[in-house]
Amino acid sequence: MADMKKYVEDVLELVKRRDPDQPEFHNTVKEVLTTIVPVLEKNPKYAEAKILERMVEPERVITFRVPWQDDKGEIQINRGYRVQMNSAIGPYKGGLRFHPSVNLSILKFLAFEQVFKNSLTSLPIGGGKGGSDFDPKGKSDAEVMRFCQSFMTELYRHIGPHTDVPAGDIGVGGREIGFLYGQYKRIRDAYDDAVLTGKGLTYGGSLTRTEATGYGLLYFVKNMLADKNDSIKGKTVVVSGAGNVAIYAIQKAQEFGAKVVTCSDSNGYVYDPNGINLAVVKQIKEVERGRIKEYAARVPSAEYHEGCKGVWTVKCDVALPCATQSEIDLESAKILVSNGVKLVAEGANMPSTLDAIEHFQKSGIMFGPAKAANAGGVATSALEMSQNSMRLSWTFEEVDKKLESIMTNIYKNAKANAEKYGEPDNLVMGANIAGFVKVADAMMAQGLV
Ligand code: NDP
């Protein structure tokens, strides 16, 4: 039998040699490939068909110029991207991120993750990701609109309800999706509402989509704890971020009876021993688009601390990173473990570094990896596409019920595969294997694509 560990190492070397300047992409490829070795050993057909070499190469990468004019009349130029990673099981699906840190390495990492996450949802969606180094922070609505219109003036030719269906991500919320859809419709002269998800409720959006990633994360955590005859009720929870994912994770955690004591943004974090007052966070972040520092000025029991890393020094039972990639490094993981954390589940994409994950696993901490735990967002996006195609809209309760059942199935599927391959508590391995097999089999069935 061929040495599959060696095969994986060779593919990793190939990826690094081809694109030496893409560390985020290398990390995610390493995380996925090193955990699926047992499946490769059982099924040598994948190596013979060079499935891994094919999977690490995007089907298509588009980069483009995005010129726009700011409110002072000055011309600005940003860079736009769309990475169409894998369409074996459905049209490319994945968000758009507008943030100054956006580059090809980050988008390829996110698109690669998205392929396996989307497969895990059991819905027919392939994987992609896109965005721009544009920073919406501090821009007027008119500037954001002009940027979005210029971005879509190029992107429209590469997307479509049966080709590629973008959604939101960091820096892209309801406002941006509205401007993007308006421009798409104007250019195409067609009401193809299933071309974008995360739309407003008046023009084809789905109820529960806004809440879906955060709620889904808590449904996943509920399953993890139920397996140990436990629940989140009465537990102290640390959440990072104060954006879409964080806000609705806090909301559902509180509904489940947990006490959430922190949230953060890229400047710092707030600690509120009385439990975060979510109405205040929503007012600051959703209505005023302000900074989380404001929370401490409005809520007397809260303290504000500069810098985001300190959030992981707050003692808790459950930690839910919901801000961005690599926010929990080994040092923070060690502090969390020595402070007695029992469970870590990822709302953001790859918020824990590889050595942090290894430390959690070695320490016997329950660990819910992003591609399983935060899949509720994209799953609900797929439900939005279904409603658009049927010209129907389901009630909040209907979508929420489907979301909960999808998250339970994702948990069961990841757990069953972890058990099948001999590491029953390793959900990283279980989720990667479950996601991989479906995509690999679809690629095998479709010939040399
Ligand atoms: P938002 O833009 O709504 O919120 C992001 C939050 O994270 C903000 O509080 C932001 O603070 C903070 N943040 C951003 N960058 C950094 C940084 N470099 N360091 C510290 N904090 C930072 O995005 P979402 O909530 O939508 O996304 C959060 C994460 O969840 C991302 O990893 C995203 O890929 C992932 N995700 C999102 C899904 C969705 O449905 N929205 C689905 C699945 C995953 P600030 O305001 O200061 O920038």
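Colleague: How many bridges join strand β1 to strand β2, and do the two run parallel or antiparallel?

Modeller: Note at the outset that this is a predicted model. Now the general idea. Backbone hydrogen bonds pair the strands of a sheet, in either a parallel or an antiparallel way. Here strand β1 (residues 60-69) and strand β2 (residues 75-86) are joined by 10 bridges and run antiparallel. To check the register, find T63. Its bridge partner in β2 is Y81.

Colleague: What do β1 and β2 form, and how many residues lie between them?

Modeller: They form a hairpin, with 5 residues between the two strands. Look at G73 in the turn. Its phi is positive, about 90°.

Colleague: Which strand do 6 bridges join to β2?

Modeller: Strand β4 (residues 127-132), and that pair is antiparallel. Go back to Y81. In β4 the residue opposite Y81 is G131. So much for pairs. One more general point helps when you look at side chains. Along a regular strand, they alternate between the two faces of the sheet.

Colleague: Now the parallel case. What is the order of the strands in the open sheet of 5 strands?

Modeller: Read it across as β7-β6-β11-β12-β13, with parallel pairing. β7 (259-260) and β13 (366-368) are the edge strands; each has a single partner, so one side of each lacks a neighbour in the sheet.

Colleague: How many bridges join β6 to β7?

Modeller: There are 2 between strand β6 (residues 236-240) and β7, which run parallel. For a landmark, take V237. It stands opposite V260 in β7.

Colleague: Let us turn to the ligand. How many residues surround it, and which are the closest?

Modeller: The shell holds 26 residues. The closest are D169, T213, S266, R291 and N349. Sorted by class, the shell has 12 polar, 7 charged and 7 nonpolar residues. Two helices to highlight are α9 (209-226) and α10 (244-255), each of which supplies at least two residues of that shell.

Colleague: Where does the ligand lie 3.0 Å from a polar backbone atom?

Modeller: At A242, and the ligand atom is an oxygen. Side chains contribute too. An N or O atom in the side chain of S266 is 2.4 Å from a ligand oxygen. For R291, a polar side-chain atom is 2.5 Å from an oxygen of the ligand. Then consider cover. Taken alone, the ligand exposes 900 Å², and the protein buries 84% of that.

Colleague: Next, empty space. What volume does the second largest pocket have?

Modeller: The general idea comes first. A probe the size of a water molecule, rolled over the atoms, shows where empty space is left. In this model the second largest pocket holds about 670 Å³ of space. Its lining has 27 residues, and those closest to its centre are I357, Q361, E423, N426 and V428. Elements giving two or more residues to this lining include α2 (23-35), α14 (354-362), α17 (396-420) and α18 (427-445). Strand β13 is another of them. By class, the lining has 13 nonpolar, 9 charged and 5 polar residues.

Colleague: How many cavities of 30 Å³ or more does the structure hold?

Modeller: There are 2. The largest has a volume of about 50 Å³. Its lining is L14, V15, R18, D19, F25, V56, E57 and K108. Helix α1 (residues 4-18) gives the largest share of that lining, 3 residues. The lining divides into 4 nonpolar and 4 charged residues, with no polar ones.

Colleague: Which residues line the second largest cavity?

Modeller: E31, E113, E346, M350, S352, I357, P369, A370 and K371. About 40 Å³ of space lies inside. This lining has 4 nonpolar, 4 charged and 1 polar residues. Note I357 here. It lines this cavity, and it is also among the residues closest to the centre of the second largest pocket.

How values were computed. Residues are numbered from 1 along each chain as its sequence is written. This is a predicted model: local features need pLDDT of at least 70, side-chain atom pairs count only at pLDDT 80 or more; totals for chains, interfaces and linings use all residues. Side-chain values use heavy atoms; hydrogens and water are left out. A residue is near a molecule or strand if one of its heavy atoms lies within 4 Å of it. A polar contact is a pair of N or O atoms within 3.5 Å; within protein, one must be able to donate a hydrogen and the other to accept it, and residues adjacent in sequence count only if both atoms are side-chain atoms. Accessible areas come from the Shrake-Rupley method with a 1.4 Å probe; for residues, only the protein chains shown count as cover. Helices (H or I, at least four residues) and strands (E, at least two) are DSSP runs, numbered from the N terminus. Ala, Val, Leu, Ile, Met, Phe, Trp, Tyr, Cys and Pro count as nonpolar, Asp, Glu, Lys and Arg as charged, and the others, Gly among them, as polar. Two strands pair if DSSP finds at least two bridges between them. On a 1 Å grid over the protein atoms alone, a cavity is a set of points where a 1.4 Å probe fits but cannot get out, and a pocket is an open set with protein on both sides within 12 Å along at least five of seven lines; lining residues have an atom within 4 Å of a point. Grid points are joined across faces, edges and corners, and a volume is the space filled by probe spheres set on the points.
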